[in-house]
Amino acid sequence: MGRVTERRKVVRIRDGVVSSRPDTLVTEEPLEIRLNGKPLAITMRTPGDDFALAVGFLVSEGVLATASDLRNVVYCAGATADGSNTYNVVDVQTAPGVRIPDITLERNVYTTSSCGLCGKASLDAVRTTTRHPIADSPPLRVGPELLAGLPDRLRASQRVFDRTGGLHAAALFDEAGELLDVREDVGRHNAVDKLVGRALQGGDLPLSRTVLMVSGRASFELAQKAVMAGIPMLAAVSAPSSLAVDLAAETGLTLVGFLRGSSMNVYAGEDRIVLRTAAVQG
């Protein structure tokens, strides 16, 4: 999509030499998500995969769990005062009979780390709301060597990052380390929503045999999105938050942080990591 990047003039200074040149920037625009015609949320995102983003967001909110819950997703015509379509407003229509949780535009619910709930209340809400509890049977098992290769494979798949340097990425890998899907966005949570939304649209939820790899840190929100999609393992190149670790321990999610080269920290669910006994030290 042409709106993924934009060109801007920049003054470049290198070793005291000043020059003017165009620079490629990642596009950031608001997306309003409506649910059955009613405004629900606004997120800042990189245009592209907007339908998947909205659908994945509603998986995280506990509205959608399977493809049969979704009736349709459309851009809203007449989104501006003059009646033109900005392609920045989408309406998600649920199938008849789908129960809508009590969610509001203020999002005073469990789904974000800034929602007004914290600690045990947030953990209980995710654990009791997900319709895809983590239940990989037989358990997903991967080795540290496989995990160590995922950041480079994720980075190699970031096509827009190469041109802008300004995008987060999220990717799904199978237990053999094969790349299943990758999405980029200015918001790491949006990148994950795009992955999950595409999976629901394809009838692939729960994602019970996959590893979710993210390019930044592992926040509570990203751990929550993994749990809501039934993903058993979340790996990040940076640090997790304390609440993300608590949620992982509460729900059975394997959480790996600081995944850089051959080094990594496993914060929860280490039983899914195939370790050589001699390498494990107290």
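# A tour of the predicted chain

Start with the whole chain: residues 24 or more positions apart account for 53% of its contacts with a separation of 6 or more. Contact means heavy atoms within 4.5 Å. This is a predicted model, where local features need pLDDT of at least 70, side-chain atom pairs count only at pLDDT 80 or more, and totals for chains, interfaces and linings use all residues. Numbering runs from 1 along each chain as its sequence is written, and side-chain values use heavy atoms, with hydrogens and water left out.

Colour by secondary structure. The protein chain has eight helices and twelve strands. These are DSSP runs, numbered from the N terminus: H or I of at least four residues for helices, E of at least two for strands. Of the 282 residues, 50% are buried. Buried means under 20% relative accessible area, exposed over 50%, partly exposed in between (1.4 Å probe, protein chains only).

**Stop 1: Met-213**

Select Met-213 in strand 9 (residues 210-214). Its relative accessibility is 0%, so Met-213 counts as buried. Show what surrounds it. Beyond neighbours within four places in sequence, Met-213 is in contact with residues including Leu-150, Pro-151, Leu-154, Phe-173, Val-237 and Leu-259. Ala-169, Ala-170, Ala-171, Ala-235 and Ala-236 are also among the contacts of Met-213. Now add Arg-153, 60 residues away along the chain; its C-alpha atom is 9.9 Å from that of Met-213.

**Stop 2: helices 7 and 8**

Select residues 220-228 for helix 7 and 242-251 for helix 8. They pack at an angle of about 20°, with axes 8 Å apart. Helix 7 is therefore roughly parallel to helix 8. Axes are lines fitted to C-alpha atoms, for helices over the stretch in contact, and angles run from 0 to 180 degrees between N-to-C directions. Angles under 35 degrees count as roughly parallel, over 145 as roughly antiparallel, 65 to 115 as roughly perpendicular and the rest as oblique.

Show side chains. From helix 7, Phe-220, Ala-223, Gln-224 and Val-227 meet Leu-243, Ala-244, Leu-247 and Thr-251 of helix 8.

**Stop 3: Arg-272**

Move to Arg-272, in the segment after strand 12 (263-268). Buried or exposed, with a relative accessible area of 6%? Arg-272 is buried. Add Thr-254: a polar contact of 2.8 Å joins the two side chains. A polar contact is a pair of N or O atoms within 3.5 Å; within protein, one must be able to donate a hydrogen and the other to accept it, and residues adjacent in sequence count only if both atoms are side-chain atoms. Arg-272 also contacts, among others, Asp-136, Arg-141, Met-233 and Gly-252.
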